[in-house]
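This report describes selected secondary-structure elements of one protein. Please consult the sequence and the model shown here while reading.

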Amino acid sequence: MEFVPAPAVHRVLCADCGTPIVPNSANLCVACLRNTVDITEGIPKQASVAYCRNCERFLSPPTAWTIARPESPELLSICLKKLKGLNKVRLTDARFIWTEPHSKRLRVAITIQKEVLTNTILEQTFEIEFLVQYGQCPDCARLAAKNTWKALVQVRQKVSHKRTFLYLEQLILKHNAQKDTISVKEVRDGLDFFYSQRSHAIKMVEFLNGVVPIRSKSSEQLLSADTHSNTANFKFTYSVEIIPVCKDDLVCLPPKLARSLSNIHPLTICTRVGNSLQVMDVATLQTAEIPAQIYWRTPFESLASVTDLVEFTVLDIEPDYSKSRGKFVMADAQVALAGAFRSTGKIDEDDVMDYDATGQATTIFHTRTHLGAILQPGDTALGYHLTNSNYNSSDFSDLPTHLIPDIILVKKTYPNRRKKSKQRAWKLRSIAKEAGEEGETGAGRGVVGRMGGRDQKKVEEDYELFLRELEEDPELRAGVNMYKAVPKNAGDGDANDVRMTGPGAGGPAHGGSKKRKAKGRDVGGMDVDMGETGAEEEEDNEADFPEVKLDELLEDFDEMTLGNDEDAEEQE
């Protein structure tokens, strides 16, 4: 095969530096060509972006305000829109260069191409620095000027506690439904959500309709009207009422409604509250769904709530695994009031209720329960003591006496766990910020109880019960975002609500006595030990206590924002 030599490459000398190069129209090497022609001319090397600290949004030219996380594609797009002259070159690459979160600077490296001479394309990479300038978006400016809202959503529930709104607050945070809310106000029996646009209020009402059983109605108020342009300015109000029945409540269904629900027994407990109510007959494990539309046709109230629960000790239980529904198993149980049988044979007068004096303190009750797969002999359960209860309900009084059980067990409880003065390894976030501030979310007590108007002790009790329900119910935790709590010293205050003791707890750390065990009657008929003796401190925790696992907790990224990081600046 004959060898064919490659064509010779002709080279010329660069007109400036004399370096041999491949011939081009400029007869210049790349280095000399860059020194002669600057393709970045006309593109500013410094620029600024507007940032609203209140709602954490960036100004996207010309007038839109957008939520963008640091080093996100949305923020990169906003930065590139601020640059003039990019339409004269070809943008091939753009990326962020890491900076300190509190530096108020954004550094972007971009790569561009441009044809400088005939058939000669030059590429160059350079850096642009953006200054984050704080300002106010129009919505926040109206908020500061007290022209705060155009639409209002009034959420109400006529119950004696606020645990529903504590859980609803966490659902709103999990689904980021509070992003358009400009203000939240606590009022009697509920909360008020204020919005700058009517569409945002409608979106909130639709969200509430999907997570809780409600009924709603709307109204509008005319503020001003222009007959020449046929325009008017309205304020809109949406009234939302939540069904006054909560989880674990004892309800007595109206006879007509019970017959329509597959002839279920009227005396039931509420096992779940979503966009509908789920009730269960604990004697037969029969369940029924009650949508909000059916409930409001024949409304009813709960006979008793979790504040009326009484502690019982399980003496014996015989589960029947042939009768089960999900995690519930039918069982026959023998229970007695908590503390009825003591080794000393002496009952403390402070530990018994009024009806204990009638001789029922040591009575053994036989009942049927749905907790056969959960309870074991020696466990403590919470239930309703129907024998010594008087309910103001005509439907309940019409029930035959032989169909009313003495006791209805509701759930298992962990009294030894509550006695431990142990910090929680998790915390919750809140829609409201700390007292005296408005706007973004933050960690703390919660919007309920922040704005006054309620008994502080009652607020603490509701919040502590809500935290206990989260600890003891894994299904309830699935709908809540829980964050890792920063460990605090023993002398620090309980700022993040991570203590396991009840509100107002005594004991050695709170001025209580080490020798005397002081007890207080907590809500729900539960005894909360204010102090413990050395023997009780050595008691083992419940083996089946549903611990909050580490993989269920999220990292708290509140400090990794573009806001003022005062702590970091002080450390520097």
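A residue is called buried when its relative accessible area is under 20%. The model discussed here is predicted.

**Helix α10**

Helix α10 comprises 17 residues, 456-472. From its first C-alpha to its last it reaches 24 Å, close to the 24 Å expected at 1.5 Å a residue.

The buried residues of α10 are V459, E461, D462, Y463, E464, L465, F466, L467, R468, L470 and E471. In general, residues three or four places apart in an α-helix point the same way, because there are 3.6 residues a turn.

**The five-stranded open sheet**

An open sheet is built from five strands in the order β17-β16-β15-β14-β18, with antiparallel pairing. The edges are occupied by β17 (286-291) and β18 (302-304); each has a single partner strand, so one side of each is left without a neighbour in the sheet. On average, neighbouring strands of this sheet are turned by 40° against each other, direction ignored.

At one edge, β18 pairs with strand β14 (residues 250-252) in the antiparallel sense over two bridges. Here V251 has S302 of β18 as its bridge partner.

**Strand β22 and its partners**

Strand β22 (residues 380-385) has six of its six residues buried, so this strand is largely enclosed by the rest of the structure.

Strand β19 (residues 310-325) runs antiparallel to β22 and is joined to it by four bridges; E311 has L382 in β22 as its bridge partner. Strand β23 (residues 407-413) also pairs with β22 in the antiparallel sense, over six bridges. In β23, T413 stands opposite T380.

Conventions
Residues numbered from 1 in each chain as written. Predicted model: local features only at pLDDT ≥ 70, side-chain atom pairs only at ≥ 80, totals over all residues. Heavy atoms only, no water. Expected span 1.5 Å × (residues − 1). Buried < 20%, exposed > 50% of the residue type's maximum accessible area, 1.4 Å probe, protein only. Pairing = 2+ DSSP bridges. Axes fitted to C-alpha atoms, helices over the stretch in contact; angles between N-to-C directions.
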